[in-house]
Amino acid sequence: MLGIFYAACLFIATGAGGHHAKGKEIQAEEMARYRNRVKEMFYHAYNNYLENAFPYDELRPLTCDGQDTWGSFSLTLIDALDTLLVLGNVTEFQRVVHVLQDGMDFDIDVNASVFETNIRVVGGLLSAHLLSKQGGIKVDPGWPCSGPLLRLAEEAARRLLPAFQTPTGMPYGTVNLMNGVNPSETPVTCTAGIGTFILEFATLSRLTGDPVFEGVARKALDALWSSRSDIGLVGNHIDVVTSKWVAQDAGIGAGVDSYFEYLVKGAILLQDEGLMSSFLDYEKVIKNYTKFDDWYVWVQMYKGTVSMPVFQSLEAFWPGLQSLIGDINNAMKTFHNYYQVWKQYGGLPEFYSIPQGTTVDKREGYPLRPELIESAMYLYRATGDPTLLELGRDVIEAIEEISRVDCGFATVRDLRDHKLDNRMESFFLAETVKYLYLLFDPGNFLHNDGSTFHTVTTPYGECVLGAGGYLFNTEAHPIDPAALHCCSQHKEERWEVEGLMQGFRTSQYERVGLSTAGATERHHQYSKGMRAAQAGKKTKRTNKKAVPVLSCPSQHFSSKLAVLGQVFTDYS
């Protein structure tokens, strides 16, 4: 199982290397030009939000004004914050951080989506907190274990906790930020709304030392796992009080999608074999019951019979997720199917009938979703296939041609006639633009291969940050996995971190031809602790080189993957 963690982390950090020759030509000639076009798209949308919609949640681009949608958080500002840094705008990143620190208040009488508040607000604040040093912010002495953005993220998450107070541990879908769960709140919640907390909540617990967040996230995951049908599938909506399935359609799309995503990414972030094992069990039954000719359909969760032979645009995240577990071949086949739909309409309709090859009635819209671009970014990192850059170019051209208006970019109401809706969702700046930019920016700091990093001193010792291996939450907010090991009070874990730091220093000195004497001297400070930690472990020693616990964020991998498949197919 650790082979999967190793493969996924290696992929996230470096890609697979060995880009196609044609891909290199495209890089050399066009990468910078398309990056600049994506930047211009971002600022056209972002500046219009600031001028016409702030402090509302979202921009209404057709009427050049704003509206609150998910809870009155100035949501677009939070969602766009780490994208500013990805695009290199440190000055605006710093300005917005100070605006949020001074002006955010969660003690408001607002009914908020538990799911959306977590992925957008908690996730956005956590990401900005962990990227503060990268963004030139003067951080607290104990950072990343403390800081104003971390405190805001913790406060927001704490307002969500009443939703988890159910007999099953599965949360309600909505909570009032001031008063808790309304007594009349429906107990029916979608699967994704239950299983999409482990990344943000575990990160919060590991940084703050309060286990309550990770605890409720794990309890919710356990309850979902226990609610599977006899054939191993989960449905779409469940009663969180009784554990009875209300909507029994099983698939990988809307209402379910990020549950599967968080099993994989949670396994990588937390080095948790149980989460990965759960996903692999799901993957087997998903292939068995829902996959037909590299498409995925919806089936009845108890019988496995087809209930909806449709492709939903949200399902386009799946090839990217497959790439994280090394299933590149199947990922590319499914991606190709989805790309053909894009070419047919200039966007992905919300629902597409696979047998008929057309949109589904009243589901013809395209709200500028990122999922297909997300998969293209992951797969390009893995393969270097220039087809994936072609998708990126097609997306830029289509959005500019169809959705651009004077005050931003508008949701496409109907892809058949390109009529528009008066909405620009915050995920356009959080995800769509970010993934587009990263697709065309192989040198971005988020693609770091471990060759650069920085160290920080916390109350628990020194730790390595910024070495790569970033994991995106389902709103594309990046989390540095190494940060979770900075704030541990467990000495054994700290010694492991310090030992890896020593390895880093030695390899860095050797690469630049400097003496390792200084690093060796410092190593003596750590060796006693490392020996004690290793002596306490009762694992069997073999001739194989052990995979370090923190291999994702703290190893330089560029020379370790020579041939695609050597690492990625290790399912042992």
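The following conversation concerns a predicted model of one protein chain.

Colleague: Before the details, what kind of model is this, and what do the values rest on?

Modeller: The model is predicted, with local features needing pLDDT of at least 70 and side-chain atom pairs counting only at pLDDT 80 or more, while totals for chains, interfaces and linings use all residues. Residues are numbered from 1 along each chain as its sequence is written, and side-chain values use heavy atoms, with hydrogens and water left out.

Colleague: How many helices and strands does the protein chain have?

Modeller: The protein chain has 19 helices and 23 strands. These are DSSP runs numbered from the N terminus, with helices being H or I of at least four residues and strands being E of at least two.

Colleague: What percentage of the residues count as buried?

Modeller: Of the 572 residues of the protein chain, 62% are buried, where buried means under 20% relative accessible area, exposed over 50% and partly exposed in between (1.4 Å probe, protein chains only).

Colleague: And what share of the contacts comes from residues 24 or more positions apart?

Modeller: Such residues account for 71% of the contacts with a separation of 6 or more in the protein chain; a contact means heavy atoms within 4.5 Å.

Colleague: Turning to helix α3, how many of its residues are buried?

Modeller: Helix α3 spans residues 75–86, and 12 of its 12 residues are buried. Among them are Leu 75, Asp 79, Asp 82 and Val 86. After α3 comes Gly 88, which has a positive phi near 90°.

Colleague: Now α9 and α11: at what angle do their axes cross?

Modeller: The axes of α9 (residues 212–226) and α11 (residues 273–290) cross at roughly 30° and come within 12 Å. Axes are lines fitted to C-alpha atoms, for helices over the stretch in contact, with angles running from 0 to 180 degrees between N-to-C directions. The two helices α9 and α11 are therefore roughly parallel, on a scale where angles under 35 degrees count as roughly parallel, over 145 as roughly antiparallel, 65 to 115 as roughly perpendicular and the rest as oblique.

Colleague: Which residues meet there?

Modeller: From α9, Leu 221, Leu 224 and Trp 225 meet Leu 275, Ser 278, Asp 281 and Tyr 282 of α11.

Colleague: How do α13 and α14 compare, parallel or oblique?

Modeller: For α13 (residues 328–345) and α14 (residues 371–383), the axes come within 11 Å and cross at roughly 140°. That makes α13 oblique to α14. Residues of α13 in the contact include Phe 335, Tyr 339 and Trp 342, and those of α14 include Leu 372 and Leu 379.

Colleague: Different topic: where does Ser 229 lie?

Modeller: Ser 229 is in the loop between α9 and β6 (237–239). Ser 229 counts as buried because its relative accessibility is 6%. Its side chain reaches the backbone oxygen of Met 301 at 2.6 Å. Apart from neighbours within four places in sequence, Ser 229 is in contact with Met 301 and Tyr 302.

Colleague: And Asn 176, buried or exposed?

Modeller: With 9% relative accessibility, Asn 176 counts as buried; Asn 176 is in strand β4 (residues 174–176).

Colleague: Which side chains does the side chain of Asn 176 join in polar contacts?

Modeller: One polar contact, of 2.8 Å, joins the side chains of Asn 176 and Asp 109, and another, at 3.1 Å, links the side chain of Asn 176 to that of Asn 111. A polar contact is a pair of N or O atoms within 3.5 Å; within protein, one must be able to donate a hydrogen and the other to accept it, and residues adjacent in sequence count only if both atoms are side-chain atoms.
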